[in-house]
Amino acid sequence: MKKVWVLGAGQLGAMLRHAGMPLDIDVTPVALDSQQAPAVSSDDIITPEIEHWPDSPATRALASHPNFVNRPVFGRLADRLSQKTLMDTLGLATAPWLPVEAATTSDELYRTISDRVLLKRRIGGYDGKGQHWLRQSEQGDIPADWRGAAIAESAIDFDEEVSLVGMRDRSGQSSFYPLALNLHTSGILAASIAPLARLAPLQAQAESMLGALLDELDYVGVMAMECFRVGDRLLINELAPRVHNSGHWTQAGASVSQFESHLRAICNLPLVTPATRGITVMINLLGIERDDRWLAIPEAELYWYGKEVRPGRKLGHLNLCAPSTAAMQAALLRLQPLLPTSYIEVLDWVNRNLP
Ligand code: ATP
Ligand code: MG
């Protein structure tokens, strides 16, 4: 039995563990703050569920193991400054940006980037945390503790947000899922839809961008690329060197999920371009109590993470997979009364974007 250790014990680690079972891969997530170094053997494999981790006896033991896959990649991608620099070096389009240094002034940012600037903490931001908007009209200024610790990005008036999940094996062969359409509200992913025929014309562009990054990094496993679509052009928003929330739809909508693809790649098992079935809608369950009535919807699969309920927190997700738009609309109609009214906008967005 192959053994894989996951650095981090959140929902991504749990879903990797779930995906390992049918392949008889023993996946063990390890809490980042664990004070005990796990007993890792020399032929075990290590992979993280996050790109930046605190120092602890457990993370030290795992991150220094020779079978930590993609080890050098995390330093480059965990810091938004080196991540953006990498994209610039490869000539890949991103939102125009500048580092925020000790002497950087907001006037300089307004002059050189845009009158609307999004500051992003270089390290550790997620789900819209670690973001700060500066607007010239409001004379927004750089908070003191963001100097030297952030980048500044131009606000992008995007048409919509899409993401690509790709994977690469040890021989350097890459494959990709179809693009997903994503809705973010307050910086946090609310829902994804995939596949969508109308996004197919962007697929080759997205694959060549992520493919270039995977090759440059000599990457093994699953990586996600979040993009803004502006007309027929993609700008990369950010990269995640791991399984990603916008790929959760693959659990229901693809023959091999992103979690299994990642395990296959790091365990040197065959990778495929997964076949998709029908259309899948992924809805994040944010800050709401679990409702077992969701399970009465035949198209719905629930992943509940078992975390304490807190406002806005990612507590689980629903995947709805249906063979046709009509069947998906019917499933969404059954779901709507089982979600709080705050979900009306999300469900409207989904309905508007179904084929
Ligand atoms: P994640 O949880 O995916 O790691 P994050 O908090 O690290 O997210 P981003 O993905 O960079 O941060 O941004 C979150 C969201 O904020 C984006 O999906 C997008 O909706 C919005 N956003 C980010 N950058 C910009 C930008 N330059 N212009 C306009 N909107 C943006
Ligand atoms: Mg993001």
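User: Let's start with the ligand. How many residues surround ligand 1, and which are the closest?

Analyst: Happy to begin there. In this predicted model, the shell around ligand 1 holds 22 residues, with R80, D127, G128, E161 and E238 as the closest. By class, that shell divides into 7 nonpolar, 8 polar and 7 charged residues.

User: Which strands supply at least two residues each to that shell?

Analyst: Those are β5, β6, β7, β12 (221–230) and β13 (233–240).

User: And which polar side-chain atoms should I look at around ligand 1?

Analyst: Try picking atom pairs one at a time. K120 has a polar side-chain atom 2.7 Å from an oxygen atom of ligand 1. R80 offers a side-chain N or O atom, also placed 2.7 Å from an oxygen of the ligand. With E153, the ligand partner is a nitrogen atom, and a polar atom of the side chain lies 2.8 Å from that nitrogen. As for cover, ligand 1 on its own exposes 610 Å², of which the protein buries 91%.

User: Now the sheets. What is the general idea, and what is the strand order in the open sheet of 4 strands?

Analyst: In general, the strands of a sheet pair through backbone hydrogen bonds, in either a parallel or an antiparallel sense. Here the order is β4-β7-β5-β6, and the pairing is antiparallel. β4 (97–100) and β6 (131–135) are the edge strands, pairing on one side only. From one strand to the next, the twist averages 25°.

User: How many bridges join β5 to β6?

Analyst: There are 5 bridges between β5 (residues 116–121) and antiparallel β6. To find the register on screen, look for L118, which stands opposite W133 in β6.

User: Which strands does helix α4 lie across?

Analyst: Helix α4 (residues 80–89) lies across β4, β5 and β7 (150–154), and runs at about 150° to β4.

User: What about the open sheet of 3 strands: is its pairing parallel or antiparallel?

Analyst: Its pairing is parallel, and the order is β2-β1-β3. β2 (25–30) and β3 (45–48) each have a single partner strand, so one side of each has no neighbour in the sheet. Ignoring direction, neighbouring strands here are turned by 25° against each other on average. Between β1 (residues 2–7) and β3 there are 4 bridges in the parallel sense, and L7 stands opposite P48 in β3.

User: Which helix lies across β1, β2 and β3?

Analyst: That is α8 (residues 258–266), running at about 140° to β3.

User: Last topic: backbone geometry. What should I expect in general, and which peptide bond is cis?

Analyst: The general expectation is a negative phi for most residues other than glycine, and a trans form for most peptide bonds. In this model, the peptide bond from A194 to P195 is cis, with omega near -15°. You will find P195 in the loop between β11 (188–194) and α6 (200–216).

User: Which residue has a positive phi although it is not a glycine?

Analyst: That is D127, with a phi of about 50°. D127 sits in the loop between β5 and β6, and we met this residue earlier among the closest to ligand 1.

Note on methods: Residues are numbered from 1 along each chain as its sequence is written. Chains are lettered from A and ligands numbered from 1 in the order in which they are written. This is a predicted model: local features need pLDDT of at least 70, side-chain atom pairs count only at pLDDT 80 or more; totals for chains, interfaces and linings use all residues. Side-chain values use heavy atoms; hydrogens and water are left out. Two strands pair if DSSP finds at least two bridges between them. Axes are lines fitted to C-alpha atoms, for helices over the stretch in contact, and angles run from 0 to 180 degrees between N-to-C directions. Contact means heavy atoms within 4.5 Å. A residue is near a molecule or strand if one of its heavy atoms lies within 4 Å of it. A polar contact is a pair of N or O atoms within 3.5 Å; within protein, one must be able to donate a hydrogen and the other to accept it, and residues adjacent in sequence count only if both atoms are side-chain atoms. Accessible areas come from the Shrake-Rupley method with a 1.4 Å probe; for residues, only the protein chains shown count as cover. Ala, Val, Leu, Ile, Met, Phe, Trp, Tyr, Cys and Pro count as nonpolar, Asp, Glu, Lys and Arg as charged, and the others, Gly among them, as polar.
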